[in-house]
Amino acid sequence: MNVTVFGIGYVGLVLAAVMAEVGHDVYCIDIDKEKIENLKKGEIPIYEPGLAVLVDDRLKKGKLHFSTDAAAGVAHGCLLFIAVGTPPDEDGAADLKYVIEVAETIAHHMKTPKTVINKSTVPVGTADKVHDAMQAILQQREEQEKWEKREKISFDVVSNPEFLKEGAAVADCRRPERIVIGADNQNAFKLLRELYAPFNRNRNRIIEMDIRSAELTKYAANCMLATKISFMNEMASLAESLGADIENVRQGIGSDSRIGHHFIYAGCGYGGSCFPKDIRALIRTASNVDYPAQLLQSVEQINNQQKYKLTELIFKHFGGQQEEKPLKGKIFAVWGLAFKANTDDMREAPSRTVIETLWEAGAAIRAYDPKAMNEALRIYKYHEHCKDLTLAKTKEAALENADALIICTEWQDFRAPDFDEIKGKLGQPIIFDGRNLYNPEQVNRHGITYYAIGRGASIKQTLE
């Protein structure tokens with residue numbers, strides 16, 4: 001099938017590459033000329049395992065095309081995906097201006113019937129807004145161009161939310177757990193079933209529903225996962241107060257099949273482009289219909305607090321926050337800048353809260369991340385404290401004479417370190433672990449003071 005994807009960001013690029021992999025002919029349209037030119041040369045703007053090789057292969061086989069020509073994109077595709085960003089407004093609501101702009105662009109250029117597919121994460125009711133925006137443009141064209149009745153162009157708007165995990169997006173797109181399709185007529189369902197047939201062979205993954213339910217499903221899924229994380233972080237705080245170990249609790253409750261082991265790891269908070277934004281957007285959607293989303297508000301509040309957990313432990317160890325610059329002259333090694341492993345995404349990453357809080361307290365940072373170093377440079381290049389940030393070439397180099405090591409991301413490379421080397425390189429043998437990567441007893445045996453999240457017994461022992 002001929003497919004066009006508008007918006008070649010994280011979701012759009014993965015979607016386009018995987019659709020091209022199964023044989024669809026895919027045009028990728030974006031207004032960023034530099035990005036498009038780089039993509040034509042096979043240069044990928046994000047890090048996602050397996051994506052660069054896939055894009056290069058599909059380019060060479062002529063199944064993937066990159067362009068800024070919206071008219072050509074509209075002409076090419078019978079199925080037109082909208083995969084542009086929906087950044088939050090000041091009040092937390094999703095900003096739909098880019099979605100509507102694409103919808104209007106499609107309406108300006110379409111000459112044959114089209115099926116427009118919302119792939120962007122959008123609030124309930126967005127399909128109606130897209131439909132109205134397109135209908136208004138088509139009405140203008142009809143009046144200006146004096147169409148005959150037979151010339152009127154029909155179109156459908158479909159909701160087809162994405163469920164990709166950063167760091168595993170290509171695999172998720174190739175082997176989706178479910179394919180949610182929200183439409184209001186059987187022809188639209190039929191076209192989407194044909195599109196996704198290559199991904200739906202060994203069992204039926206397609207779930208068909210009304211459009212508004214499909215739009216809400218995406219938000220509900222992300223908010224449910226965020227709720228599990230915040231619940232475990234609240235239990236971790238309680239475990240510290242009671243002298244319990246959250247890792248033991250995690251194993252105890254995770255063995256219950258009704259709960260499971262996924263997304264019940266305590267840590268220094270969630271980040272990224274989805275969970276924080278989607279929680280706020282759904283809270284705002286609820287407020288628009290006068291529903292007080294108390295649970296979602298609590299989930300967000302707990303996560304915001306959790307991002308300061310590591311710095312609270314640091315201040316407690318080094319003497320509190322009474323002075324104006326209580327950590328002046330100290331250097332902290334930071335392992336991990338991305339909000340999670342296997343990505344270079346630092347949007348709302350806990351590491352940013354840690355680094356910026358320590359800067360305000362007078363400290364300097366020496367950081368290392370396997371993939372997010374360029375992103376950190378982009379974010380902090382012109383920051384007032386940029387002189388207080390050193391990006392180390394290796395995780396070992398970050399340790400040199402630092403007053404402590406802080407772990408913010410659960411990269412595989414950090415899971416089995418040489419603790420004797422860590423102790424030897426640090427100026428003070430202290431680890432603040434925001435991802436609970438290590439066994440406290442093992443770390444303590446190497447003569448290292450170890451702080452983790454919700455591991456009350458080990459923290460109590462360390463403080464004593």
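## Two oblique helices

This is a predicted model. Helix 1 and helix 3 are oblique to each other, because their axes cross at roughly 50 degrees, and angles outside the parallel, antiparallel and perpendicular ranges count as oblique. Helix 1 spans residues 10-21, and helix 3 spans residues 51-60. Their axes come within 9 Å. The crossing is left-handed.

Both helices supply side to the contact through named residues. Helix 1 brings Leu13, Val14, Ala17, Val18, Ala20 and Glu21. Helix 3 brings Leu51, Leu54, Val55 and Arg58. Eight of the contact residues are nonpolar, none is polar and two are charged.

## The nonpolar cores

The largest nonpolar core holds 63 residues. Within this core, Phe332, Ile406 and Phe432 touch the most other members. Helix 13, residues 309-318, gives the most to the core, with five residues. Another core lies apart from this one. That other core has 41 residues, including Val11, Ala183, Phe199 and Ile206. In soluble globular proteins, nonpolar side chains tend to be buried together.

Phe432 deserves its own list. Setting aside residues up to four places away in sequence, Phe432 touches Leu310, Leu313, Ile314, His317 and Phe318, among others. Its partners also include Ala404, Leu405, Ile406, Ile407 and Tyr451.

## Around Asp388

Asp388 sits in the loop between helix 15 (373-380) and strand 11 (389-391). Ala364 is 24 residues apart from Asp388 along the chain, yet their C-alpha atoms are separated by 4.7 Å. Beyond neighbours within four places in sequence, Asp388 is in contact with Trp359, Ala363, Ala364 and Ile365.

Definitions and conventions. Residues are numbered from 1 along each chain as its sequence is written. This is a predicted model: local features need pLDDT of at least 70, side-chain atom pairs count only at pLDDT 80 or more; totals for chains, interfaces and linings use all residues. Side-chain values use heavy atoms; hydrogens and water are left out. A nonpolar core is a set of buried Ala, Val, Leu, Ile, Met, Phe, Trp, Tyr and Cys residues joined through side-chain atoms within 4.5 Å. Buried means under 20% relative accessible area, exposed over 50%, partly exposed in between (1.4 Å probe, protein chains only). Helices (H or I, at least four residues) and strands (E, at least two) are DSSP runs, numbered from the N terminus. Contact means heavy atoms within 4.5 Å. Axes are lines fitted to C-alpha atoms, for helices over the stretch in contact, and angles run from 0 to 180 degrees between N-to-C directions. Angles under 35 degrees count as roughly parallel, over 145 as roughly antiparallel, 65 to 115 as roughly perpendicular and the rest as oblique. A crossing is left-handed if the near helix is turned anticlockwise from the far one by less than a right angle, and right-handed if clockwise. Ala, Val, Leu, Ile, Met, Phe, Trp, Tyr, Cys and Pro count as nonpolar, Asp, Glu, Lys and Arg as charged, and the others, Gly among them, as polar.
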